[in-house]
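Subject: Structure for your review

Dear colleague,

Please find below the structure that I agreed to pass on to you. I would be grateful if you would read the notes after it with the structure open beside them.

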Amino acid sequence: MNRTEWALNLLRDDYFIEMMEELRGVELAKFLNSDYPDAEVREQAYMRLRVIESIDNHIQGLADQKLIDTKKFKIL
């Protein structure tokens with residue numbers, strides 16, 4: 001199994017999808033439920049959401065690599 005196949009399997013895995021949604025939900029709840037003076041809590045929640053998004057995008061990029069390579073060879 002190569003990295004592309006691993007990423008595709010991970011993105012199709014129900015437990016992984018559920019875990020990522022749960023992590024996003026926890027951080028969104030912190031953000032939405034924070035009081036006005038809790039700027040630090042919101043900032044931490046925002047940074048964690050960006051990290052989750054970055055991880056998700058990286059895995060999606062690995063999964064899309066085969067498609068990218070195929071299109072690259074069509075151009076050349």
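The notes below go from the chain as a whole to individual residues.

Please bear in mind that this is a predicted model. The average pLDDT of the chain is 91, and 93% of the residues reach a score of at least 70. Confidence can also be given by element: helix H2 (residues 14-33) has the highest mean pLDDT, at 96, while helix H3 (residues 39-75) has the lowest, at 88.

Overall architecture

The chain contains 3 helices and 0 strands. Read from the N terminus, the order of elements is therefore simply α-α-α, each helix being a DSSP run of at least four residues. Along the principal axes, the C-alpha atoms occupy a box of roughly 55 × 30 × 15 Å. The radius of gyration is 17 Å, whereas a compact globule of 76 residues would have a value near 11 Å.

Of the 76 residues in the chain, 17% are buried. The accessible surface amounts to about 6,300 Å², and carbon and sulfur atoms contribute 58% of that area. Among contacts with a separation of 6 or more, 60% join residues that are 24 or more positions apart. As to charge, the chain carries 11 positive and 15 negative charges, and the mean positions of the two sets lie 10 Å apart.

Helix H1 and its contacts with Ala63

Thr4 belongs to helix H1 (residues 3-12). Its relative accessibility is 13%, so Thr4 falls under the 20% limit and counts as buried. Beyond its neighbours within four places in sequence, Thr4 touches Leu62, Ala63, Gln65 and Lys66.

Ala63 itself is located in helix H3. With a relative accessible area of 7%, Ala63 is buried. Once neighbours within four places in sequence are set aside, the contacts of Ala63 are Thr4, Ala7, Leu8 and Leu11. For one of these residues, Leu8, a separation is also available: Ala63 and Leu8 are 55 residues apart in sequence, yet their C-alpha atoms are 5.1 Å apart.

Helix H2

Three residues of this helix deserve a separate word. Phe16 is placed in helix H2. Because its relative accessible area is 11%, and buried means under 20%, Phe16 is classed as buried. Apart from neighbours within four places in sequence, Phe16 makes contact with Leu10, Leu11 and Ile59. Leu11 is thus listed among the contacts of Phe16 and also among those of Ala63.

Glu27 is likewise part of helix H2. Is Glu27 buried or exposed? Despite its place among the residues counted as negative, Glu27 is buried, with a relative accessible area of 7%. Its contacts, leaving out neighbours within four places in sequence, are Ala45, Arg48, Leu49 and Ile52. A residue counted as positive, Arg48, is therefore included in that list.

Asp14 also lies in helix H2, but Asp14 is exposed. Its relative accessible area of 60% is over the 50% limit, which means that Asp14 is assigned to the exposed class. Between Asp14 and Asp56, 42 residues apart in sequence, the C-alpha to C-alpha distance is 14 Å.

A further residue of helix H3

Ile68 is found in helix H3. At 44% relative accessibility, Ile68 is partly exposed, because that value lies between the 20% and 50% limits. How far apart are the C-alpha atoms of Ile68 and Met20? The two residues are 48 residues apart along the chain, and their C-alpha atoms are separated by 25 Å.

In summary, the predicted model has 3 helices and 0 strands. Among the residues described, Thr4, Phe16, Glu27 and Ala63 are buried, Ile68 is partly exposed, and Asp14 is exposed.

Yours sincerely

Technical notes:
Residues numbered from 1 in each chain as written. Predicted model: local features only at pLDDT ≥ 70, side-chain atom pairs only at ≥ 80, totals over all residues. Heavy atoms only, no water. Helix = DSSP H or I, 4+ residues; strand = E, 2+ residues; numbered from the N terminus. Rg over C-alpha atoms; globule rule 2.2 N^0.38 Å. Buried < 20%, exposed > 50% of the residue type's maximum accessible area, 1.4 Å probe, protein only. Contact = heavy atoms within 4.5 Å. Areas by Shrake-Rupley, 256 points an atom, 1.4 Å probe, with all protein chains shown as cover. Charge placed at Lys NZ, Arg CZ, Asp CG, Glu CD. pLDDT = per-residue confidence, 0-100.
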